[in-house]
Amino acid sequence: MMKQVICSTVFPLLCILLLFLSVEAQTCSPSGKIKGKTPPPGQCNQENDSDCCKDGKWYTTYKCSPPVSSQTKATLTLNSFERDGDGGAPSECDNQYHSDDDPVVALSTGWYSNGKRCLKYINIHGNGKSVRAKVVDECDSTMGCDSDHDYQPPCPNNIVDASKAVWKALGVPENDWGGMDIYWSDTD
């Protein structure tokens, strides 16, 4: 009660400042930039309309992602987890490739959380439907534009990179696959 009285009468500007700072602390700021270089011929797999790094272009990197909630807003992107797919190397969680017919995802670095979500399931909500998908990989937000990352730019910090099975389960027409606003949450 005393706190409420102080905030409402004595220190309204201080209270607003504290509220702003608490909201600001929950954001995720860029951690740096990397300079792109043109990939060697044939070294950037553009399956699923993947981008290749451009020489001299600066790409933002992140070590964090927005806070996770029961409805974490994200962008769903399309990725192949199969050998020779645009995902590049085997999945980080189990050093295996995965069929694009299985609902699997890679999460941006902050959400991947040093592997804490490895082989656990998340719920993805989009296009009026939901699907349960297994986390098998990291969509690296800290590095890119090199052979380890298939000469693709770093992932933004809010990506759920999903197999074709996830897109199908959400009922998205194939010609609309590639980028879509979704919500996701950890499963119970």
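# Briefing: one salt bridge, two further aspartates and strand β3

A search of the whole structure, which is a predicted model, finds one salt bridge. The partners are D186 and R117, whose closest N and O atoms are 2.8 Å apart. The points below cover this pair, the aspartates D100 and D51, and strand β3.

**The salt bridge D186–R117**

- Side chains of opposite charge can pair when their charged atoms come close.
- D186 belongs to strand β8 (residues 179-186), while R117 sits in the loop between α3 (109-112) and β5 (121-126), so the salt bridge ties together parts that are 69 residues apart in sequence.
- The acidic partner, D186, counts as partly exposed because its relative accessibility is 34%.
- R117 has a relative accessible area of 15% and is therefore buried, the cut-off for this class being under 20%.

**D100, a buried aspartate without a salt bridge**

- D100 is located in the loop between β3 (72-78) and β4 (104-108).
- This residue is buried yet forms no salt bridge.
- The nearest side chain of opposite charge to D100 is that of K164, at 4.7 Å; a salt bridge requires a separation within 4 Å, so the D100–K164 pair does not qualify.
- Leaving aside residues up to four places away in sequence, D100 touches N79, S80, F81 and E82, and also S163, K164 and A165.

**D51, an exposed aspartate**

- D51 lies in the loop between β1 (32-35) and β2 (58-61).
- With a relative accessibility of 54%, D51 counts as exposed, a class that begins over 50%.
- D51 and D150 are 99 residues apart along the chain, and their C-alpha atoms are separated by 9.9 Å.
- The contacts of D51, not counting residues up to four places away in sequence, are C44, Y151, Q152 and P153.

**Strand β3 and its partners**

- Five of the seven residues of β3 are buried, so this strand is largely enclosed by the rest of the structure.
- β3 pairs with β8 in the antiparallel sense, over six bridges; T75 stands opposite D181 of β8.
- β3 also runs parallel to strand β7 (residues 159-162), to which four bridges join it; here L76 has V160 as its bridge partner.
- Strand β8, an antiparallel partner of β3, is also the strand that holds D186 of the salt bridge.

Notes: Residues are numbered from 1 along each chain as its sequence is written. This is a predicted model: local features need pLDDT of at least 70, side-chain atom pairs count only at pLDDT 80 or more; totals for chains, interfaces and linings use all residues. Side-chain values use heavy atoms; hydrogens and water are left out. Helices (H or I, at least four residues) and strands (E, at least two) are DSSP runs, numbered from the N terminus. Buried means under 20% relative accessible area, exposed over 50%, partly exposed in between (1.4 Å probe, protein chains only). Lys and Arg count as positive and Asp and Glu as negative; His and the chain ends are not counted. Contact means heavy atoms within 4.5 Å. Two strands pair if DSSP finds at least two bridges between them.
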